[in-house]
Amino acid sequence: MTVTTDTSQNPFAPADEAGGAAPRVRRTRKAKDDASAQGGPGWAILAWALTLLFFAPVAWMVLTSLHAESDAATNPPSIFAGLTLSNYADVFSRGISTFLVNSATASIASTLLVLVLAVPAAYALSIKPVEKWTDVMFFFLSTKFLPPIAALLPIYLIVKQAGMLDNVYTLVVLYTSMNLPIAIWMMQSFLAEVPKEILEAAQVDGAGLFRTLTQIVAPIAAPGLAATSLICFIFSWNEFMFAVNLTATRASTAPIFLVGFISSQGLFLAKLCAAATLVSLPVLIAGFAAQDKLVRGLSLGAVK
Amino acid sequence: MSAQTVTAPPPSRRGEPTMSTRERWRRRGPLLPALIFTIVVTQIPFLLTIAISTLNWNVLQPGTKNFLGMGHYTSFAWLGNYGIVFTDDRLRTAVINTIELTALVVVISAVLGLVLAVLLDRRFPGRGVARTLLIAPFLVMPVASALLWKHALYNPDYGLLNGVLNWVYHLFGAQGPTKDWVSGYPMSAVVVALVWQWTPFMMLILLAGLQSQPGDVLEAAKIDRADGFQTFRFITLPHLRQYIELSALLGSIYVLQTFDAIYTITQGGPGAATTNLPYEIYLTMFRKYDYGQAAAAGVVVVIGSIIVATFALRTISSLFTEEGNR
């Protein structure tokens with residue numbers, strides 16, 4: 001697609017003529033596949049400048065994690081100092097592994113539990129909908145809007161009474177309730193995309209429920225299922241408020257390791273950056289893998 | 001069906017046969033585990049919060065009355081805790097800080113997100129890579145990003161911010177500033193870190209909105225020789241309106257709940273300068289051990305959230321029915 005007028009390159013150009021009054025000009029047909037227009041070189045430079053500005057703290061975190069402590073804490077910053085992996089070794093020797101295992105257990109187990117609960121629910125809300133199914137959808141959504149801090153006190157008291165403080169499965173239950181509305185909304189929107197005609201055709205052909213689910217619904221909904229799992233994983237992995245208040249030593253997750261890390265005196269910046277990079281890595285990978293579907297999860301399925 | 005009108009029989013009744021009770025329960029079946037789980041785990045705690053908010057219950061002064069075996073409170077306070085919540089200086093400061101923090105973060109990140117979304121809506125070399133890099137701030141663990149800002153960027157001695165300023169000042173033969181950003185501008189320090197984290201969220205929703213614009217309308221605008229600004233002002237912005245609303249409302253609900261950044265960057269200080277309601281509730285619960293007041297403050301946060309959420313639900317509902325009609 002080529003840019004035909006100068007003004008169309010610059011969306012902030014002053015409005016010099018009224019749109020409707022201009023004479024109509026016949027133009028060559030353009031490719032309709034990519035709806036977005038081409039930006040000029042200035043556009044690319046501005047976009048990249050802002051992108052790099054936004055990404056700079058992440059880049060700085062990774063770069064600092066690869067510097068020796070003495071190079072990390074200099075002013076002006078020593079960008080071109082030699083690289084080393086010793087900070088990562090140091091972070092592991094301080095026992096981050098236990099915290100990573102707890103985070104992985106809480107995130108993966110809660111994601112699986114979410115799927116076990118959300119997939120049948122989404123089926124009952126899209127393919128064979130119950131009556132008043134939109135009301136049920138909005139009930140689930142409304143629970144997501146209640147601030148968890150307001151539930152912390154009773155949850156703390158109940159968990160304490162049940163002897164489940166400092167237990168990773170307490171986090172599993174809480175993360176499941178935190179992610180269930182998102183998963184139901186996402187899965188509902190994915191299952192609603194399964195064409196009704198195909199389901200009817202399968203019924204006519206005498207396919208049972210199991211065959212319909214495994215051979216027709218599953219292949220169409222699989223990418224959605226993957227995206228939903230990744231998003232639930234991201235939110236559980238990053239959760240801090242419940243983790244810091246309900247765990248002490250055995251069940252603490254990765255963010256608790258980071259917070260505890262600071263108390264040590266002396267130079268710690270490079271090691272801190274190494275730990276921060278390490279704990280963020282699984283979510284960065286999951287997020288990049290799910291980035292096309294990320295917006296659907298973040299908007300609770302409202303935006304596709 | 002007994003009474004049929006001649007002109008317009010209700011289509012829903014005639015269109016599909018009414019379901020048998022058996023079929024209804026068969027359809028409800030798969031939904032029930034999720035529904036029961038959600039009701040038990042999310043609704044019961046809130047009912048308990050409301051109950052506790054009416055009690056004089058401070059762990060440091062244990063009473064004699066048993067609250068469901070979970071501890072001992074002194075007496076009924078009825079609405080006394082709410083009186084304290086609305087008159088206590090710390091809590092009032094927390095309410096104001098929460099509003100200030102939420103409004104600043106949501107507005108600034110929505111504007112920046114819109115700028116980035118508009119930029120990414122055009123093709124340029126490496127657009128896909130740029131988009132991926134821009135999502136990163138949202139994915140970095142919030143605690144990690146708070147620590148990163150506090151120690152690697154804001155630190156007065158070796159933080160990147162003063163480091164870069166120093167480097168620039170050196171070019172002009174001057175000595176750079178040694179500003180302590182966190183203690184000098186605590187609220188701004190938190191806001192900037194949160195804006196950095198939330199801008200990608202806003203950008204993703206707004207970019208999806210931009211890309212859902214019908215191509216033929218834009219084409220028509222181009223044929224009518226509308227320039228870029230006119231197209232943006234009169235076609236794109238009205239179309240984007242509900243996406244802007246959605247991103248701002250969802251953003252408000254999430255930013256209202258901010259705990260990690262306050263806990264990590266300023267711990268609510270200096271004094272109570274950056275203490276927001278979630279952090280104040282946490283302090284009331286685990287530092288003052290005043291369960292009654294903490295619960296009352298919690299109920300106030302819930303009411304605030306419900307007000308924002310009512311608007312959010314309306315926006316989502318209209319998008320939802322629109323998407324459904326496509």
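Of the 326 residues in chain B of this predicted model, 44% are buried, a residue being called buried if 20 or more other C-beta atoms lie within 10 Å of its own, exposed if 12 or fewer do, and partly exposed in between, with C-beta atoms placed from the backbone. Residues are numbered from 1 along each chain as its sequence is written, while chains are lettered from A and ligands numbered from 1 in the order in which they are written. Because the model is predicted, local features need pLDDT of at least 70 and side-chain atom pairs count only at pLDDT 80 or more, whereas totals for chains, interfaces and linings use all residues.

Chain B holds 15 helices and four strands, where helices (H or I, at least four residues) and strands (E, at least two) are DSSP runs numbered from the N terminus. The radius of gyration of chain B is 26 Å, well over the 20 Å that the globule rule gives for 326 residues, so the chain is more spread out than a compact globule; the radius is taken over C-alpha atoms, and the rule is 2.2 Å times the number of residues to the power 0.38. Along the principal axes, the C-alpha atoms of chain B fill a box of roughly 90 × 75 × 35 Å.

Between the chains, 98 residues of chain B are in contact with 98 residues of chain A, two residues being in contact if their C-beta atoms, placed from the backbone, lie within 7 Å. On the side of chain B that touches chain A, the largest share, 15 residues, comes from helix H15 (residues 291–325) of chain B.

The largest nonpolar core has 177 residues, and those with the most contacts inside it are A:Ala118 and B:Ile205; such a core is a set of buried Ala, Val, Leu, Ile, Met, Phe, Trp, Tyr and Cys residues joined through C-beta atoms within 7 Å. Helix H10 (residues 186–211) of chain B gives the largest share of this core, 17 residues. Domain 1 (41–84) and domain 2 (95–298) of chain A both contribute residues, so the core lies between them; the domain bounds come from an automatic or database domain assignment. Leaving aside neighbours within four places in sequence, B:Ile205 is in contact with A:Val295, A:Leu298, A:Ser299, A:Val303, B:Tyr243, B:Leu246 and B:Ser247.

The centres of domain 1 and domain 2 of chain A, taken over C-alpha atoms, are separated by 32 Å. Their contact takes nine residues from domain 1 of chain A and seven residues from domain 2 of chain A, and on the side of domain 1 that touches domain 2 the largest share, four residues, comes from H1(A).

Confidence in chain A is given by pLDDT, the predictor's confidence in each residue from 0 to 100: the mean is 82, and 86% of the residues of chain A reach 70 or more. Over residues 1–33 of chain A, however, the pLDDT is below 50, although this stretch has 41 contacts in the model beyond near neighbours in sequence.

Most residues other than glycine have a negative phi. Two loop residues of chain B have positive values, as listed here.

| Residue | Phi | Loop in chain B | C-beta neighbours within 10 Å |
|---|---|---|---|
| B:Gln267 | near 50° | between helix H13 (260–266) and helix H14 (277–286) | 12, exposed |
| B:Tyr289 | about 55° | between H14 and H15 | 15, partly exposed |
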